[in-house]
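Colleague: Got a minute to go through this model with me? I'd like to talk about its aromatic rings and its pockets.

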Amino acid sequence: MTTSPLSRRRLLGTAGAAGAAGLVAGAAGGVAGTALAGDDTPPLSTVGSTTVMFHGKHQAGITTAPQSRGHLAAFDLLPDAGRKGAAALLRRWSRTAERLTAGRAVADDTAIALDAGPSSLTVTFGFGHSFFSRTGLEDRRPAALDPLPAFSSDALDPRRSNGDLWVQIGADDALVAFNALRALQKDAAGTARVRWQMNGFNRSAGATARPMTTRNLMGQIDGTRNPRPEEPDFEQRVFVPGGGGAKDPEWMAHGSYAVVRRIRMLLDDWEELSREEQERVIGRRKDTGAPLTGGTETTPLDLEKTGPDGRPVVPANAHARISMPETNGGAALLRRPFSFHDGFDEKGVPDAGLLFVCWQADPLRGFVPVQRKLDRGDALSPFIRHEASGLFAVPGGCEPGGYVGRELLEG
């Protein structure tokens, strides 16, 4: 069965087509698809019609609001692929991502998402430490991509860690997300093989009365202290400056570094705690995310406030206290995780937790110092286990007709 390359459901995902139907803005701006004349399929919902542009200064999927479905995957290049094969693969991947994020079908479309719109689909590509030796580009590997140090809470499975190439997929529809994953895997045939792949989810769009910070499987609001685009230092915290930074090659201009960790939550142990005990471990209320010292979710923690017993209201080892930028030399991470659940073991213990993804301009000044401090005395540590890890250099976005990583592979 073949599908017209024009559209998955004879939709236009362009600004011109939206003129008659109006615009539907998503987290990063979006365009509503419009049915062509004579198409008798029903119109898409707002969720289905929202488009996130693939091209741009930065890759999509970094500052885009978290979608309800996600896939993370790492690929290893085949021995004979080399730099030329890698460049051809990134060209294919970029063309595929461009079409799918616009709600258009690829040439050998499988019809998995035939009747769906783009659903805020984003596809983000990155390079691991080993990619550069596989392609003869060791002299262009960023110093910031040096392997992460070991942490005492690590129980890492090397088979589910690192990789030459990394792909992050997010969408507000599960079939759209899977369709993108399958298309990219097929594009890689003969050039790269899947090293590992993980599936994640967040709350579905529209499930709450108002937009909220993501809630994780421990029931805690997760990402309250994220840097925000309106803050004056947001770009310098999250992205490599134009032209490359003092430590970064030019091909990383407007890019970022992603730390990826599969964090198992020991939910049976966590759920034995009372709600009050859980809140003291985190330092925040479960219902609103507000600090235990009062206010709303965005109210700063009052680290000096004490209770009737003379002890700090936010305990000294509370996760929120230890991880806050003010206690880590200003280190800040843009957290953009997905939850995961991969079934139960023979004892009924859930294999569930967080696919932690954080973004920063320099992981040695972002993730590493924060994780080191958490490693030394975070009250949350007994209830989590880091089971997989990766660090990836994610270059800036590409222009129409180009492809992600072109400056590296052709420079």
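**Rings and a pocket**

Modeller: Let me start with two rings: Phe151 and Phe367 are both buried, that is, under 20% relative accessible area with a 1.4 Å probe, protein chains only. The model is predicted, so to speak of local features we need pLDDT of at least 70, and side-chain atom pairs count only at pLDDT 80 or more, while totals for chains, interfaces and linings use all residues. Residues are numbered from 1 along each chain as its sequence is written, and side-chain values use heavy atoms, with hydrogens and water left out.

Colleague: How many aromatic pairs are there in the whole structure?

Modeller: The search finds 13. Rings of Phe, Tyr and Trp (its six-membered ring) pair if their centres lie within 6.5 Å; planes under 30 degrees apart are stacked, over 60 edge-to-face, the rest tilted.

Colleague: What kind of pair do Trp93 and Phe125 form?

Modeller: Stacked, with 5.3 Å centre to centre and 10 degrees between the planes. Trp93 sits in helix 3 and Phe125 in strand 4, 32 residues apart; helices (H or I, at least four residues) and strands (E, at least two) are DSSP runs, numbered from the N terminus. Trp93 and Phe125 are buried.

Colleague: And which rings form a cluster?

Modeller: Phe127, Phe131, Phe132 and Trp251, linked by ring pairs.

Colleague: New topic: which residues lie nearest the centre of the largest pocket?

Modeller: Ala65, Pro66, Pro211, Met212 and Thr213, out of 46 lining residues. A pocket here is an open set of 1 Å grid points where a 1.4 Å probe fits, with protein on both sides within 12 Å along at least five of seven lines; lining residues have an atom within 4 Å of a point.

Definitions and conventions:
Buried < 20%, exposed > 50% of the residue type's maximum accessible area, 1.4 Å probe, protein only.
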